[in-house]
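Student: Please take a close look at one part of this model, and set that part in the context of its surroundings. I would like a single connected account.

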Amino acid sequence: MEETILVQIASYRDPELIPTLKDITEQADRPERLRIVVCWQHGNDESTEDFFDAGIEVEEGLVYTHKEVDGTTKKYDVICTTLNGATIEFIDVDYTLAQGACWARHMIQQFYTDETYTLQLDSHHRFVEGWDTLAIEMLHQCMEESRKPILTGYVPS
């Protein structure tokens with residue numbers, strides 16, 4: 001079975017989102033195993049043109065219906081693309097409709113489709129070469145001591 005990684009990124013008006021996406025895909029040993037879902041909470045000064053300018057081509061669009069806490073439903077456009085072999089899906093949210101980081105992460109988690117691993121991070125990270133292979137190897141080492149290990153950390157400034 002192909003090992004896959006669901007990368008979850010809640011991004012609120014972060015100018016580091018595109019550099020993060022480029023770095024995570026460029027530094028991965030096997031970017032084709034990455035499925036990146038971004039809750040892209042953006043203002044009017046940010047658009048898909050920013051992606052085009054960075055060499056990220058929008059390939060298709062979908063509509064995602066999200067059930068809100070109050071029982072209502074809202075529809076969000078989902079922009080689908082690939083970058084360096086990785087699949088990326090952007091849940092397109094106007095920042096005025098954002099309801100916090102946990103809400104954004106909850107939305108992203110609805111996109112889980114049986115990926116082998118999941119990685120949750122913010123939209124302003126940089127990665128070491130081969131980060132995907134290293135993380136999986138670390139997790140497997142931890143399985144010698146625990147049946148369901150979790151790798152966690154708080155990155156420095």
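**A surface patch and the charged side chains**

Tutor: In this predicted model, Val-128, Leu-134, Met-138 and Leu-151 make a nonpolar surface patch of about 350 Å². Val-128 belongs to the loop between strand 6 (117-122) and helix 4 (131-142). With a relative accessible area of 54%, Val-128 is exposed, because the threshold for that class is over 50%.

Strand 6, which precedes that loop, contains Asp-122. The relative accessibility of Asp-122 is 29%, so this residue counts as partly exposed. Asp-122 and Met-138, a member of the patch, are separated by 16 residues in sequence and by 21 Å in space, C-alpha to C-alpha. Beyond residues up to four places away in sequence, Asp-122 touches Ile-9, Ala-10, Thr-20 and Arg-105. With Arg-105 there is also a polar contact between the two side chains, at 3.0 Å.

Thr-20, one of the residues touched by Asp-122, is also among the buried residues of helix 1. Of the 10 residues in this helix, seven are buried, which leaves the helix mostly covered. The buried set consists of Leu-17, Ile-18, Thr-20, Leu-21, Asp-23, Ile-24 and Thr-25. For the geometry of such a set, a general point is useful: an α-helix has 3.6 residues a turn, so residues three or four places apart point the same way.

Asp-23 deserves separate attention. This acidic residue sits in helix 1 (residues 17-26) and is buried, yet has no salt bridge. Its nearest side chain of opposite charge belongs to Arg-126, at 5.0 Å. A salt bridge here requires the nitrogen and the carboxyl oxygen to lie within 4 Å, so the pair does not qualify. Arg-126 and Phe-127 are nevertheless in contact with Asp-23, once neighbours within four places in sequence are left aside.

Elsewhere the charges are paired, and the count comes to nine salt bridges. One of them links Asp-45 and Arg-13, with the closest N and O atoms 2.9 Å apart. Asp-45 is in the loop between strand 2 and helix 2, while Arg-13 is in the loop between strand 1 (5-12) and helix 1, so this pair ties together parts that are 32 residues apart in sequence. Asp-45 is exposed, at a relative accessible area of 59%. Arg-13 has a relative accessible area of 31% and is therefore partly exposed.

Arg-13 also meets Glu-46 in a salt bridge, at 3.5 Å from N to O. Glu-46 lies in the loop between strand 2 and helix 2 and Arg-13 in the loop between strand 1 and helix 1, so this bridge too ties together separate parts, here 33 residues apart in sequence.

The backbone of Arg-13 is notable as well, for its phi is positive, about 45°, although the residue is not a glycine. As a general matter, most residues other than glycine have a negative phi. Asp-114 is another such case, with a positive phi near 65°. That residue lies in the loop between helix 3 (101-109) and strand 6, and at 64% relative accessibility Asp-114 counts as exposed.

To return to Glu-46, its position is in the loop between strand 2 (34-42) and helix 2 (48-53). Its relative accessibility of 16% is under the 20% limit, so Glu-46 counts as buried. Apart from residues up to four places away in sequence, Glu-46 touches Arg-13, Asp-14 and Trp-40. Its side chain also reaches the backbone nitrogen of Gly-43, at 2.6 Å. Glu-46 and Gln-141 stand 42 Å apart in space, C-alpha to C-alpha, and 95 residues apart in sequence.

A further salt bridge joins the side chains of Glu-89 and Arg-35, at 2.6 Å from N to O. Glu-89 is in strand 5 (residues 86-94) and Arg-35 in strand 2, so the pair ties together parts that are 54 residues apart in sequence. Both Glu-89 and Arg-35 are buried. Finally, Glu-2, Arg-30 and Glu-32 form one network, joined by salt bridges that share partners.

Notes:
Residues numbered from 1 in each chain as written. Predicted model: local features only at pLDDT ≥ 70, side-chain atom pairs only at ≥ 80, totals over all residues. Heavy atoms only, no water. Helix = DSSP H or I, 4+ residues; strand = E, 2+ residues; numbered from the N terminus. Buried < 20%, exposed > 50% of the residue type's maximum accessible area, 1.4 Å probe, protein only. Lys, Arg positive; Asp, Glu negative; His and termini not counted. Contact = heavy atoms within 4.5 Å. Patch = residues over 30% accessible without salt bridge, like charges linked within 9 Å, V, L, I, M, F, W, Y side chains within 5 Å. Areas by Shrake-Rupley, 256 points an atom, 1.4 Å probe, with all protein chains shown as cover. Polar contact = N/O pair within 3.5 Å; in protein donor to acceptor, adjacent residues only side chain to side chain.
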